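User: I would like to learn how to read a model like this one, beginning with its charges and moving on to its strands. Could you take me through the features in turn?

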Amino acid sequence: MLTVHHLGVSQSDRIVWLCEELDLAYELKRYDRDPATRQAPADYKALHPSGTAPVITDGDLTLGESGAIAEYILGKYGQGRLTLAPDHPNYPDYLYWLHAGQGSFMPAMMMDLVARAMGGQPAGAAPRASRSDTAFANIEARLGQAPYLAGEDFTAADIMTLFFLTTGRLYAPRDLAPYPNIRAYLERIGARPAFRRAMAKADPDLAIPLA
Ligand SMILES: N[C@@H](CCC(=O)N[C@@H](CS)C(=O)NCC(=O)O)C(=O)O
C-alpha cells in the first residue's frame with residue numbers, strides 16, 4: 001500500500017495532491033510539527049535519513065525527496081497521466097518546470113529567509129534583484145505564454161512548482177499584485193477538485209494563500 005507521510009504545512013502537500021490528481025488508492029499519515037522547534041517530530045525524522053518531508057512508503061520501499069517521489073509515483077502508477085512524453089513538443093518545457101521549483105526556486109526562497117534572519121544584505125553589497133524576484137518574474141512571464149507551466153496541459157510540473165507560489169509565501173511573504181498571470185493561475189489551480197480535496201486532507205486548518 002502506498003503511504004504518504006505528510007508533515008503539516010510542508011512541501012509534502014504536493015505528494016498528497018499528486019495522489020489525488022491521479023485518483024490513487026493511498027494511505028495518508030499526517031504528522032504535526034514540533035510546536036517548539038517547528039521541525040518535523042522525531043517519528044517523522046526516523047522515517048528516512050533525510051529527516052525531511054515528504055517521505056513515502058510503498059511495501060518495503062521508503063523514499064524521500066519530492067522530485068524522486070513524484071517521478072516514482074508517476075512512473076509506477078501514473079499510466080502516462082500528468083506527464084509529457086519525449087516526443088511531445090513541450091517536453092523540454094515540462095522537464096524545465098518539473099525541476100526548476102526544487103532546483104532553483106525553493107533554494108532562492110531559503111536564501112531570502114537566511115538573508116532576512118541575518119539582517120539583510122551585507123553592508124556595501126550592491127542592491128540587486130534576489131533570485132526569488134527573478135523566479136517570480138520567470139513564472140509570471142511563462143504564464144503569460146501558456147495556461148500551465150508545461151503548456152496547454154496541467155502536469156506534474158505545476159504540482160512541483162505550486163508550493164513556492166502558495167504555502168511558501170507564508171514563510172517568505174510576497175504581494176502578488178504585480179503578478180496578474182500568477183494570480184489568474186492560482187485561481188485556476190484553486191478550482192481543481194483534486195487540489196481542494198488534497199488540501200482539505202493535508203492541512204484542513206490552513207487557508208492556502210491563493211491570492
Ligand atoms: N528538497 C527536499 C526539501 C525537503 C524539506 O526541506 N522539507 C521541509 C518541509 S517544507 C521539512 O521537512 N522541514 C522540517 C524539518 O526540517 O524538520 C524535498 O523536496 O523533499
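Analyst: The 20 positive and 24 negative charges of the protein have mean positions that lie 4 Å apart. Lys and Arg count as positive and Asp and Glu as negative, while His and the chain ends are not counted; each charge is placed at NZ of Lys, CZ of Arg, CG of Asp or CD of Glu. This is a predicted model, in which local features need pLDDT of at least 70, side-chain atom pairs count only at pLDDT 80 or more, and totals for chains, interfaces and linings use all residues. Residues are numbered from 1 along each chain as its sequence is written, and side-chain values use heavy atoms, with hydrogens and water left out.

User: Which pattern does the protein follow along the sequence?

Analyst: Helices (H or I, at least four residues) and strands (E, at least two) are DSSP runs, numbered from the N terminus. Here the order is β-α-β-α-β-β-α-α-α-α-α-α-α. The radius of gyration, taken over C-alpha atoms, is compared with a globule rule of 2.2 Å times the number of residues to the power 0.38; the protein has a value of 17 Å, close to the 17 Å that the rule gives for 211 residues, so it is as compact as a globular protein of that length.

User: Are the faces of strand β3 buried or exposed?

Analyst: Buried means under 20% relative accessible area, exposed over 50%, and partly exposed in between, using a 1.4 Å probe and protein chains only. In β3 (residues 55-58) both faces are covered, since V55 and T57 on one side and I56 and D58 on the other are all buried.

User: With which strands does β3 pair?

Analyst: Two strands pair if DSSP finds at least two bridges between them. Strand β1 (residues 2-7) pairs with β3 in the antiparallel sense over four bridges, and L2 stands opposite D58. Strand β4 (residues 61-64) also pairs with β3 in the antiparallel sense over four bridges, and there the bridge partner of D58 is L61. Two residues lie between the strands of the β3 and β4 hairpin, where G59 takes a positive phi near 60 degrees.

User: Which backbone angles should I inspect in the loops?

Analyst: Between α2 (42-45) and β3, the loop contains P54, which is joined to A53 by a cis peptide bond with omega of about 10 degrees. V9, in the loop between β1 and α1 (13-21), is not a glycine, yet has a positive phi of about 50 degrees. L82, in the loop between α3 (66-77) and α4 (91-117), likewise is not a glycine and has a positive phi of about 65 degrees; L82 is buried, with a relative accessible area of 14%.
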